[in-house]
Amino acid sequence: QVQVVESGGGLVQAGGSLRLSCTASGRTFSSGTMGWFRQAPGMEREFVAAISWIHISWIAGNTYYGDSVKGRFTISRDNAKNTVVLQMNRLQPEDTAIYYCAAAEYYHDSIYVTFENRYDYWGQGTQVTVSS
């Protein structure tokens, strides 16, 4: 049974930074995709960022970002820990949302990483609040 657990949410002032972590436990993905989505109150869930790898030997992976976070957020992967980190800089009030981590058992790329139905496992979410 795979469990996806997020951590690192909280309250920060506009312009500040937060670091979210996501660990998928229960199995090691030899290839796969891990992504972050977010949902603000009254809004649909939207794609934030993803990282995908064809083989576990890949140190990094291919990275993808939603337009609203490009240049401010960075996704990275710790292969040994099966963990993905989302570094969020220059946060703005519109970044306020529940952030969900998701894991897919297969390598996805390009637009497919933005499709929620490509992911097999989801975390419970972590709240990020940015005050103005």
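Which residue's side chain does lysine 70 meet in a salt bridge? Aspartate 67, with an N to O distance of 3.2 Å. Some notes on the rest follow.

1. Ground rules. This is a predicted model, in which local features need pLDDT of at least 70 and side-chain atom pairs count only at pLDDT 80 or more, while totals for chains, interfaces and linings use all residues. Residues are numbered from 1 along each chain as its sequence is written, and side-chain values use heavy atoms, with hydrogens and water left out.

2. Salt bridges, overall. The whole structure gives five of them, taking a salt bridge to be a side-chain nitrogen of Lys or Arg within 4 Å of a carboxyl oxygen of Asp or Glu. As background, side chains of opposite charge can pair when their charged atoms come close. Back at the opening pair, aspartate 67 is exposed, at 68% relative accessible area. Here buried means under 20% relative accessible area, exposed over 50%, and partly exposed in between, with a 1.4 Å probe and protein chains only.

3. The arginine 38 story. Arginine 38 has a salt bridge to glutamate 46, with the closest N and O atoms 2.6 Å apart. Glutamate 46 is partly exposed at 34% relative accessibility, whereas arginine 38 is buried at 6%. Arginine 38 also meets aspartate 95 in a salt bridge, 2.9 Å from N to O. That second pair links distant parts of the chain: arginine 38 sits in strand β4 and aspartate 95 in the loop between β8 and β9, 57 residues apart. Helices (H or I, at least four residues) and strands (E, at least two) are DSSP runs, numbered from the N terminus. Both aspartate 95 and arginine 38 are buried. Add Arg72 and you have a network of salt bridges linking Arg38, Glu46, Arg72 and Asp95.

4. The disulfide. A search of the whole structure turns up one, the criterion being a pair of cysteine sulfur atoms within 2.5 Å. Cysteine 22 and cysteine 101 make the link, with their sulfur atoms 1.9 Å apart. Cysteine 22 lies in strand β3 (residues 18-25) and cysteine 101 in strand β9, so the pair ties together parts that are 79 residues apart in sequence. The link is left-handed, with -80° about the S-S bond, and both cysteines, 22 and 101, are buried.

5. Next door in β3. Serine 21 is in strand β3 too, and it is partly exposed, with a relative accessible area of 21%. Its C-alpha is 8.7 Å from that of cysteine 101, although the two are 80 residues apart in sequence. Not counting residues up to four places away in sequence, serine 21 touches Val5, Glu6, Ser7, Trp36, Thr83, Val84 and Val85, where contact means heavy atoms within 4.5 Å.

6. Cores. The largest nonpolar core has 27 residues, and those with the most contacts inside it are Met34, Trp36, Val48, Phe73, Leu86, Met88 and Tyr99. Elements giving two or more residues to this core are β3, β4 (32-39), β5, β7 (73-78), β8 (83-88), β9 and β11 (126-131). A second, separate core of eight residues includes Phe37, Ala50, Ala102 and Val113. For the record, a nonpolar core is a set of buried Ala, Val, Leu, Ile, Met, Phe, Trp, Tyr and Cys residues joined through side-chain atoms within 4.5 Å. Methionine 88 touches Gly16, Ser17, Leu18, Leu20, Arg72, Phe73, Tyr99 and Val128, leaving out residues up to four places away in sequence.

7. Backbone oddities. Most residues other than glycine have a negative phi. Arginine 90, though, has a positive phi near 50°; arginine 90 is in the loop between β8 and β9 and is partly exposed at 48% relative accessibility. Serine 110 also has a positive phi, about 50°, and is found in the loop between β9 and β10.

8. Surface patch. Ile111, Tyr112 and Phe115 form a nonpolar patch on the surface, with about 260 Å² of accessible area together. Areas come from the Shrake-Rupley method with a 1.4 Å probe, and for residues only the protein chains shown count as cover. Patches are made of residues with over 30% relative accessible area and no salt bridge, joining like charges within 9 Å and nonpolar side chains (Val, Leu, Ile, Met, Phe, Trp, Tyr) within 5 Å. Isoleucine 111 lies in the loop between β9 (97-104) and β10 (121-122).
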